[in-house]
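Welcome to two short exercises on pockets. Take a moment with the model, then work through each task before reading its solution.

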Amino acid sequence: MIVLLGIVVFLYAFSTVKNTERKVTEPVIKFKGDNNLFLTHENVSKLLIQKNQSVKNKSKETLDLNDLETALNSNQMVKSAQVHLSVNGVLTAEIEQKRPIARVRTNASYYIDDQGSYMPLSSNYTARVPLVTGHIEKNNLENVFKMAQKVNEDEFLRTHVIEIHQSEKNTIFLKFRQCNFIIQLGNLKHLDKKIMNLKAFYNKALKDKTLNDYVNVNLQFDNQVVCTKI
């Protein structure tokens, strides 16, 4: 019995030492959700470093998974990241990228993501989202985010809106695809009502084949659509 116990202790100690000395393999990188890769596998691999060195072939015991997750989450294209290490030394990084819903094009260019946060452009992929122009401040995106969010959630707006313009007074203008008129929303109070009026105008003008007769569609007044013809 004593001999058997000794063998068990020896084997456990041996396996523990072997596990401690096991080296990390080439990281496995998985992207969650959307296949549009603003980040590539190579981009993520370059973030998986510790003490300025790649994690590949490092001893398992020297890795700090929290540091690696922090490095990944600090990237402004990453919404969330998790890092796992298996018993066999397989390091897996699971990445969820931010999802842009609008693209700011002023003196600076960047995306606004679906949480209303700044997101840099990517050289790997360009999202097809409405442009945001005019008076935009990176640290004050709340107003244009609310409008971009409405466009993203509404099928009619998502189909037609190509540009959101904000004036210095934070009033909002929209531009439609293949239409010459400018839509004046004003402020975003009673936005749902304004959008309902816009849809009613558009469908009536489409039916009457008069969409190209207008240069301005003003929705700033209560329960009214004031149009200016060419």
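The exercises below deal with the pockets of this predicted model.

**Exercise 1.** Describe the largest pocket: what is its volume, which residues lie nearest its centre, and which class of residue leads in its lining?

*Solution.*
- Step 1: Begin with the space itself. The volume of the largest pocket comes to about 550 Å³.
- Step 2: Now turn to the wall. The lining consists of 24 residues, and Arg99, Pro100, Ala127, Arg128 and Val129 are the ones nearest the centre.
- Step 3: Trace the lining back to secondary structure. At least two residues each come from strand S5 (91-97), strand S6 (100-105), helix H4 (142-153) and strand S10 (161-166). Of the contributions to this lining, the largest share is that of H4, with 3 residues.
- Step 4: Sort the lining by class. You should find 11 nonpolar, 9 charged and 4 polar residues.

**Exercise 2.** Do the same for the second largest pocket: what is its volume, and which helix gives the most to its lining?

*Solution.*
- Step 1: For the second largest pocket, the volume is about 170 Å³.
- Step 2: Its lining is made up of 13 residues, with Lys189, His190, Lys194, Gln220 and Asp222 nearest the centre.
- Step 3: Strand S12 (182-186) and helix H6 (191-208) provide at least two lining residues each. The top contributor is H6, which supplies 3 residues.
- Step 4: By class, this lining holds 6 polar, 4 charged and 3 nonpolar residues.

Notes:
Residues numbered from 1 in each chain as written. Predicted model: local features only at pLDDT ≥ 70, side-chain atom pairs only at ≥ 80, totals over all residues. Heavy atoms only, no water. 1 Å grid on protein atoms, 1.4 Å probe; cavity = no way out; pocket = protein on both sides within 12 Å on 5 of 7 lines; lining within 4 Å. Points joined across faces, edges and corners; volume = space filled by probe spheres on them. Helix = DSSP H or I, 4+ residues; strand = E, 2+ residues; numbered from the N terminus. Nonpolar A, V, L, I, M, F, W, Y, C, P; charged D, E, K, R; others polar.
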